[in-house]
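This report looks at a few local features of one structure, taken element by element. The sequence and the model come first.

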Amino acid sequence: MLLSVRSIEVNYGQVRAVRGVSLEVGNAQVVTLIGSNGAGKSTTLRAISGLNRPSKGEIWFDGARIDQLPPVEIVKRGIAHVPEGRHVFANLTVLQNLYTGGYLSRNKAKLNAILEQIYQYFPILAQRRDQRANTLSGGEQQMLAIGRMMMSSPRLILLDEPSLGLSPKMMKEISRIILTIREGGTPVVLVEQNAEMALKLANHGYVMETGKISLDGPAEELRGNDHVRKAYLGI
């Protein structure tokens, strides 16, 4: 497995937000975490990217333990994280935002090649390259956040609520991009409130409830699970 999370616990002060969570991600997979607000999904992603250090357990990436590394070292190893809320640099242009994603690279030719690939994924970003990020729509800002992340040539992508606040049309576009990324061979860990969308995109799913994994399995099987259908799919 490319990523192996092994029985991690993450605390916020005296509150244990994640309790013994284990999950695995293989190459060219989309793995999703679904669950209600406050279940620990985003905290799990933050633990993987080094923003929250686990108090117990281990995280392994490509055969090496990473849970004691600072976030910048985890980025260098190839894990890129797009947090909930997009967090683009509002007063920078689209192009400047994209280049910030490749700050670890000194190879300008490589960065320009990646940039052209991103413009193929998101033609609207090419059209708006000289606009400030705060003039973009919510969907365009989400595209920019994903594009900025792709500038680092990640080996694993962590996406936190990419469809939040988007129109149905824009949600379909984001779904298309996630599948395109997977088909290109880069695995994705997807946290998504829209469980129906997430399970359609994913190969494997984990259900998180009160900080624990309560259920996991192939995404198609979870879509047919009675508890998942009632609790998360509204069926």
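What follows covers two helices, one acidic residue and an aromatic pair in this predicted model.

**Helix 6**

Helix 6 runs over residues 138-150; at 1.5 Å a residue its 13 residues should span 18 Å, and the end C-alpha atoms are 19 Å apart, which agrees. Of these 13 residues, 12 are buried, so helix 6 is largely enclosed by the rest of the structure. The buried set consists of Gly139, Glu140, Gln141, Gln142, Met143, Leu144, Ala145, Ile146, Gly147, Arg148, Met149 and Met150. These buried residues pack against two strands and several helices, namely strand 6 (79-82), strand 7 (156-160), helix 3 (94-100), helix 4 (108-121), helix 5 (123-127) and helix 7 (168-183).

**Helix 1**

Helix 1 (residues 41-48) is also mostly covered, with 6 of its 8 residues buried. Those residues are Lys41, Thr43, Thr44, Leu45, Ala47 and Ile48. Gly50, which follows helix 1, has a positive phi, near 90°.

**Glu192**

Lys41 comes up again in the surroundings of Glu192, as the nearest side chain of opposite charge. Glu192 sits in the loop that connects strand 8 (188-191) with helix 8 (195-201). Is Glu192 buried or exposed? Glu192 is buried, yet it has no salt bridge, and Lys41 is 9.2 Å away. The cut-off for a salt bridge is 4 Å between a side-chain nitrogen of Lys or Arg and a carboxyl oxygen of Asp or Glu.

Glu192 does have polar partners. Its side chain makes a polar contact with the side chain of Ser163, and a polar atom of the Glu192 side chain also lies 3.0 Å from the backbone nitrogen of Asn194. The distances from Glu192 are as follows.

| Partner of Glu192 | Part of partner | Distance |
|---|---|---|
| Ser163 | side chain | 2.6 Å |
| Asn194 | backbone nitrogen | 3.0 Å |
| Lys41 | side chain | 9.2 Å |

Outside its neighbours within four places in sequence, Glu192 is in contact with Leu33, Ile34, Glu161, Pro162, Ser163, Met197 and Ala198. Ser163 is therefore both a polar partner and one of these contacts, given that contact means heavy atoms within 4.5 Å.

**The aromatic pair**

How many aromatic pairs does a search of the whole structure find? The search finds 1. It is formed by Tyr121 and Phe122, whose ring centres are 6.5 Å apart and whose planes stand at 75°, so the pair is edge-to-face. Both members lie under the 20% cut-off for buried residues: Tyr121 counts as buried at 15% relative accessibility, and Phe122 counts as buried at 1%.

Technical notes: Residues are numbered from 1 along each chain as its sequence is written. This is a predicted model: local features need pLDDT of at least 70, side-chain atom pairs count only at pLDDT 80 or more; totals for chains, interfaces and linings use all residues. Side-chain values use heavy atoms; hydrogens and water are left out. Rings of Phe, Tyr and Trp (its six-membered ring) pair if their centres lie within 6.5 Å; planes under 30 degrees apart count as stacked, over 60 as edge-to-face and the rest as tilted. Buried means under 20% relative accessible area, exposed over 50%, partly exposed in between (1.4 Å probe, protein chains only). Helices (H or I, at least four residues) and strands (E, at least two) are DSSP runs, numbered from the N terminus. Lys and Arg count as positive and Asp and Glu as negative; His and the chain ends are not counted. A polar contact is a pair of N or O atoms within 3.5 Å; within protein, one must be able to donate a hydrogen and the other to accept it, and residues adjacent in sequence count only if both atoms are side-chain atoms. The expected span of a helix is 1.5 Å times one less than its number of residues.
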